[in-house]
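Q: Please take a close look at one packed region of this model and set it in the context of the chains around it. A connected account is preferred to a list.

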Amino acid sequence: MKNRLRELRAVNGWSQAHLADLVDVSRQTVNALEKGRYDPSLPLAFRLARVFSTTIEDLFEPSADDLGIAANQALTSTD
Amino acid sequence: MLYITVTINEPPDLELPSQREPKLSAADKRQRNHYLREFIPAMLAYVVVLLVVLPLVDDVTTAARFWVLLPLVPLVAVAVAIYRSVQRADEYGRLIQLESMALGFGAMILTSLTFGFLGIVGVALAFSGFLIFAAGMLTWALSIAFRWGDC
């Protein structure tokens, strides 16, 4: 899943460690999230959206794989 | 004479704060300190008990040989310290820990089965229990180091 964490963190001038403190996770977790190696749980996604004063939808963008083949087909058929 | 003045601007600071600030968040430090406060005394107790017990079990023909199991007591505290650190970890830390433990568990099973099958054909290795333990711990540690090291 793509996300705007790194971009928004840079805009705010925060370090990974500072963002980690704000959402109560380790710095490694923030790094893994930014690199797209780990997708957060829903509670963590809400916490991240809150500290950036935005929404989860604005912060995270699911890939086609994340949506799943069935979901993609359903979306295509409604077009 | 024509002079051309070239002004070289300083490159923009592209460095993100994370590259010049501490690698550990406050939560990381809290977690590490909590773990070390539980782990180090337990390991020290283990080493002390081991040093005390080993000379007692020189004679493996007497009942005193069962003192050799005494170091397991402080090792329970070590196991509790590790378990509690996994509980305190955040969701990604817990994922890495549990996946690494699963790999270590797999390595222990494969190693123990190897020794088991070798035993069928009469090949018995000395200290095979310690080798099984080492295989599991090494796999666990390498998995954590590899995945954390990439972060």
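**A helix pair and its surroundings**

A: In chain A, 51% of the contacts between residues at least 6 apart in sequence join residues at least 24 apart. The model is a predicted one, and every value below is computed from it. The secondary structure of chain A consists of seven helices and two strands, and their order along the sequence is β-α-α-α-α-α-β-α-α. Of the 79 residues in chain A, 34% are buried.

The part chosen for closer study is the pair formed by helix α2 (residues 16-23) and helix α3 (residues 27-34) of chain A. As a general matter, two packed helices are described by the angle between their axes and the distance between the axes. For this pair the angle is about 105° and the axes are 8 Å apart. Because angles from 65 to 115 degrees count as roughly perpendicular, α2(A) and α3(A) fall in that class. On the α2(A) side the contact is made by A:Gln16, A:Ala17, A:Leu19 and A:Ala20, and on the α3(A) side by A:Arg27, A:Thr29, A:Val30 and A:Asn31. By class, the residues of this contact are four nonpolar, three polar and one charged.

The loop between α2 and α3 of chain A holds A:Asp24. The phi of A:Asp24 is near 60°, a positive value in a residue other than glycine. In general, most residues other than glycine have a negative phi. A:Asp24 has 13 other C-beta atoms within 10 Å and is therefore partly exposed.

The interior around the pair comes next. The largest nonpolar core has 17 residues, and A:Ala20 and A:Val25 are those with the most contacts inside it. Two or more residues of this core come from each of α2 and α3 of chain A and from α3 (91-120) of chain B. The element that gives the most is α2(A), with four residues. In soluble globular proteins, nonpolar side chains tend to be buried together. Setting aside residues up to four places away in sequence, A:Val25 touches A:Ala20, A:Val30 and A:Leu44, and it also touches B:Ala27, B:Asp90 and B:Tyr92. A:Ala20 and A:Val30, both touched by A:Val25, are also among the residues through which α2(A) and α3(A) meet.

These helices also take part in the contact between the chains. In total, 19 residues of chain A are in contact with 17 residues of chain B. At least two residues of the chain A side come from each of α2 and α3 of chain A. The largest share, five residues, comes from α3(A). The side of chain A that touches chain B has eight nonpolar, eight polar and three charged residues.

The partner, chain B, has four helices and zero strands, and it reads α-α-α-α along the sequence. Of its 151 residues, 11% count as buried. Among contacts in chain B between residues at least 6 apart in sequence, 66% join residues at least 24 apart. Its domain assignment gives domain 1 (26-88) and domain 2 (90-151), and the C-alpha centres of these two domains of chain B lie 19 Å apart.

Two residues of chain B add local detail. B:Val80 is in helix α2 (residues 72-88) of chain B, and it counts as partly exposed because it has 13 C-beta neighbours inside 10 Å. B:Val80 and B:Ile40 are 40 residues apart in sequence, and their C-alpha atoms are 12 Å apart in space. B:Phe127 is located in the loop between α3 and α4 (128-149) of chain B. Its phi is near 60°, a positive value in a residue other than glycine, and with 9 other C-beta atoms within 10 Å B:Phe127 is exposed.

A further loop residue in chain A is A:Thr55, placed between α4 (42-51) and α5 (56-59) of chain A. A:Thr55 is exposed, with 12 other C-beta atoms within 10 Å. The C-alpha atoms of A:Thr55 and A:Leu8 are 12 Å apart in space, while the two residues are 47 apart in sequence.

Notes
Residues are numbered from 1 along each chain as its sequence is written. Chains are lettered from A and ligands numbered from 1 in the order in which they are written. This is a predicted model: local features need pLDDT of at least 70, side-chain atom pairs count only at pLDDT 80 or more; totals for chains, interfaces and linings use all residues. A residue is buried if 20 or more other C-beta atoms lie within 10 Å of its own, exposed if 12 or fewer, and partly exposed in between; C-beta atoms are placed from the backbone. Two residues are in contact if their C-beta atoms, placed from the backbone, lie within 7 Å. Axes are lines fitted to C-alpha atoms, for helices over the stretch in contact, and angles run from 0 to 180 degrees between N-to-C directions. Angles under 35 degrees count as roughly parallel, over 145 as roughly antiparallel, 65 to 115 as roughly perpendicular and the rest as oblique. Ala, Val, Leu, Ile, Met, Phe, Trp, Tyr, Cys and Pro count as nonpolar, Asp, Glu, Lys and Arg as charged, and the others, Gly among them, as polar. A nonpolar core is a set of buried Ala, Val, Leu, Ile, Met, Phe, Trp, Tyr and Cys residues joined through C-beta atoms within 7 Å. Domain bounds come from an automatic or database domain assignment.
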